[in-house]
Amino acid sequence: RLKHYEYNFIKDACWKLAHRVIALSKSYNNASIIVEDLKNLRVGRKLGNSKGRKSNKIINKIPFAKFFHTFSSIQ
């Protein structure tokens, strides 16, 4: 049950964030939104680009594929 709750929470958060970004771009006279290749954004000590334990944990939890899919389906 908890796993389903977490899935819905993440899905909802991605959609809310995408809508906020789109609303922000519209407030700047329909500024373009470009989503980069997010594959190489992972951080960690083994990768040589550590940002600290707490920051690494937050960054690595981002569901990049869902985030990208959300933006591509809204526009």
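This is a short conversation about how the terms used for this predicted model apply to it.

Tutor: Residues are numbered from 1 along each chain as its sequence is written. In this predicted model, local features need pLDDT of at least 70, side-chain atom pairs count only at pLDDT 80 or more, and totals for chains, interfaces and linings use all residues, while side-chain values use heavy atoms and leave out hydrogens and water.

Student: What makes up the protein, in helices and strands?

Tutor: It has 3 helices and 0 strands, in the order α-α-α from the N terminus. Both kinds of element are DSSP runs numbered from the N terminus: helices are H or I with at least four residues, strands are E with at least two.

Student: Which helix has the highest confidence, and which the lowest?

Tutor: Helix 1 is highest, at a mean pLDDT of 84, and helix 2 (residues 53-60) is lowest, at 72. pLDDT is the predictor's confidence in each residue, from 0 to 100. The protein averages 78, and 88% of the residues score at least 70. Where pLDDT is low, the predicted coordinates should not be read in detail.

Student: Why is Ser-25 called buried?

Tutor: Buried means under 20% relative accessible area, exposed over 50%, and partly exposed in between, with a 1.4 Å probe and protein chains only. Ser-25 has 11%, so it counts as buried. Ser-25 lies in helix 1 (residues 2-27). Leaving aside residues up to four places away in sequence, Ser-25 touches Asn-30, Ala-31 and Ile-33; a contact means heavy atoms within 4.5 Å.

Student: Why do Asn-29 and Asn-30 count as exposed?

Tutor: Asn-29 has a relative accessible area of 73%, so it is exposed; Asn-30, at 59%, is exposed too. Asn-29 sits in the loop between helix 1 and helix 2, and Asn-30 is in that loop as well.

Student: What is notable about phi at Asn-29?

Tutor: Phi of Asn-29 is near 55 degrees, a positive value in a residue other than glycine. Asn-30 also has a positive phi near 55 degrees. Most residues other than glycine have a negative phi.

Student: How do you know that Ile-10 is partly exposed?

Tutor: Its relative accessible area is 32%, therefore Ile-10 is partly exposed. Ile-10 belongs to helix 1.

Student: Which residues make the nonpolar surface patch?

Tutor: Tyr-5, Phe-9 and Ile-10 make this patch of about 330 Å².

Notes
Patches are made of residues with over 30% relative accessible area and no salt bridge: like charges are joined within 9 Å, nonpolar side chains (Val, Leu, Ile, Met, Phe, Trp, Tyr) within 5 Å. Accessible areas come from the Shrake-Rupley method with a 1.4 Å probe; for residues, only the protein chains shown count as cover. A salt bridge is a side-chain nitrogen of Lys or Arg within 4 Å of a carboxyl oxygen of Asp or Glu.
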